[in-house]
Amino acid sequence: MRTILVLGGTAEARALAATLHDKPDVRVISTLAGRIANPQLPRGEVRVGGFGGAEGLAAYLREQHVDTVIDATHPFAERMSWSALEACAQTTTALMRLERPPFPRDPAIDWREVTSLHEAAILLPQAGRRVFLTTGRQGLAAFAQIENAFFLVRCVDAPDRPLPPDHELLLDRGPFELQGELALIDRHALDLLITKDSGGTMTQAKLDAACARQLPVIVVARPPRPRTETVATVEQALAWLAHAG
Ligand code: NAP
């Protein structure tokens, strides 16, 4: 029996776990940070909550006799990836990163790349006064002091406070469609999109909508991460596992 640990929180992690769950002689354990109220649970065994850093993860890998770790966490989940690298090195466990590619650069979009939410906030209100803010529930304090702009804040769960004084909250989970994104832009007269470079088809429509309405887009670049061997799709991850096994 081979034990595979999938560090999750993404659609790719769920898809991978679902396929592995059906394989004979494979035990797959998916893990979630446990931050959101109603997470979409992967099929099969699931562990919820942090490990207590690299040491804690290393202890868990030994205890569960894990052979392989697939780090399929979100491109912005930085700490978990560094922990996985360290824990796998300590325990000589095989490690592979499954990470979807960034959003494709559309030359028709006025695309402004920044390295943090604070850097994005500095560009306001010059870059836009009616902002579609889709960077997730964490770190929105970066915009809390901005008084002369309206923010439509969309995230899955209620965001951390403080928030900008003039905002409307929209709790929603993708996938999102182009027509819905265009309707939001029009209804709220939005003139700027701020997004993380999360990539993936589930949230691509906001960029297509921004392009159609000629909105500039501020894109927060992905954080630096370990140079772990990486694949971009679930199919590639399965091929890697078949080869490694
Ligand atoms: P992070 O900064 O890398 O993680 C913070 C801590 O949460 C980690 O040190 C770890 O705690 C725990 N943790 C994170 N992912 C875990 C997992 N899959 N299983 C068990 N523990 C985990 O990550 P984050 O940005 O807070 O994101 C948390 C989770 O949400 C991630 O799993 C990620 O895939 C998902 N997510 C994040 C974003 C985003 O924009 N950041 C978007 C969508 C989904 P210990 O140190 O105690 O082990």
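Q: Are α2 and α3 parallel or oblique to each other?
A: In this predicted model, helix α2 covers residues 53-63, and it packs against α3 with the axes 8 Å apart. The angle between the two helices is about 50°. Angles under 35 degrees count as roughly parallel, and 65 to 115 as roughly perpendicular. The angle of the pair falls in neither range, and α2 and α3 are therefore oblique.

Q: Is the crossing of α2 and α3 left-handed or right-handed?
A: The angle of about 50° between α2 and α3 does not by itself name the hand of the crossing. The hand depends on whether the near helix is turned anticlockwise or clockwise from the far one. For α2 and α3, the crossing is right-handed.

Q: At what angle do helix α1 and helix α7 pack?
A: Helix α1 consists of residues 11-21, and helix α7 of residues 234-244. Their axes are 10 Å apart. The two helices are oblique to each other, and α1 passes α7 in a right-handed crossing. The packing angle is about 45°.

Q: How are α5 and α6 oriented, parallel or oblique?
A: Helix α5 (residues 178-187) and helix α6 (residues 205-212) have axes that come within 8 Å and cross at roughly 55°. That angle makes α5 and α6 oblique.

Q: Which helix gives the largest share of the shell around the ligand?
A: The shell around the ligand has 21 residues, and the closest are T31, R35, F51, G52 and M80. Two elements, β2 (26-32) and α3 (78-91), each supply at least two residues of this shell. The largest share is three residues, and the helix that provides it is α3.

Q: Which class of residue, nonpolar, polar or charged, has 10 members in the shell around the ligand?
A: The shell includes seven nonpolar residues. It also includes four charged residues. The class with 10 members is polar.

Q: Which residue has a side-chain N or O atom 3.0 Å from an oxygen atom of the ligand?
A: Some contacts to the ligand come from the backbone: a polar backbone atom of A77 is 3.4 Å from a ligand oxygen atom, and a backbone N or O atom of R79 lies 3.0 Å from a ligand oxygen atom. The contact asked for involves a side chain instead, and the residue is K196.

Q: How much of the accessible area of the ligand does the protein cover?
A: On its own, the ligand has 800 Å² of accessible area. The share covered by the protein is 81%.

Q: Where is the cis peptide bond with omega near 0°?
A: Most peptide bonds are trans. One cis bond runs from L124 to P125, with omega near 5°, and P125 lies in the loop between α4 (117-122) and β7 (130-133). The bond with omega near 0° leads to P162, which lies in the loop between β8 (150-155) and β9 (167-171). This bond runs from R161 to P162.

Q: What is the phi of H65?
A: Most residues other than glycine have a negative phi. H65, in the loop between α2 and β4 (68-71), is not a glycine, yet its phi is positive. The value is about 55°.

How values were computed:
Residues are numbered from 1 along each chain as its sequence is written. This is a predicted model: local features need pLDDT of at least 70, side-chain atom pairs count only at pLDDT 80 or more; totals for chains, interfaces and linings use all residues. Side-chain values use heavy atoms; hydrogens and water are left out. A residue is near a molecule or strand if one of its heavy atoms lies within 4 Å of it. A polar contact is a pair of N or O atoms within 3.5 Å; within protein, one must be able to donate a hydrogen and the other to accept it, and residues adjacent in sequence count only if both atoms are side-chain atoms. Accessible areas come from the Shrake-Rupley method with a 1.4 Å probe; for residues, only the protein chains shown count as cover. Helices (H or I, at least four residues) and strands (E, at least two) are DSSP runs, numbered from the N terminus. Ala, Val, Leu, Ile, Met, Phe, Trp, Tyr, Cys and Pro count as nonpolar, Asp, Glu, Lys and Arg as charged, and the others, Gly among them, as polar. Axes are lines fitted to C-alpha atoms, for helices over the stretch in contact, and angles run from 0 to 180 degrees between N-to-C directions. Angles under 35 degrees count as roughly parallel, over 145 as roughly antiparallel, 65 to 115 as roughly perpendicular and the rest as oblique.
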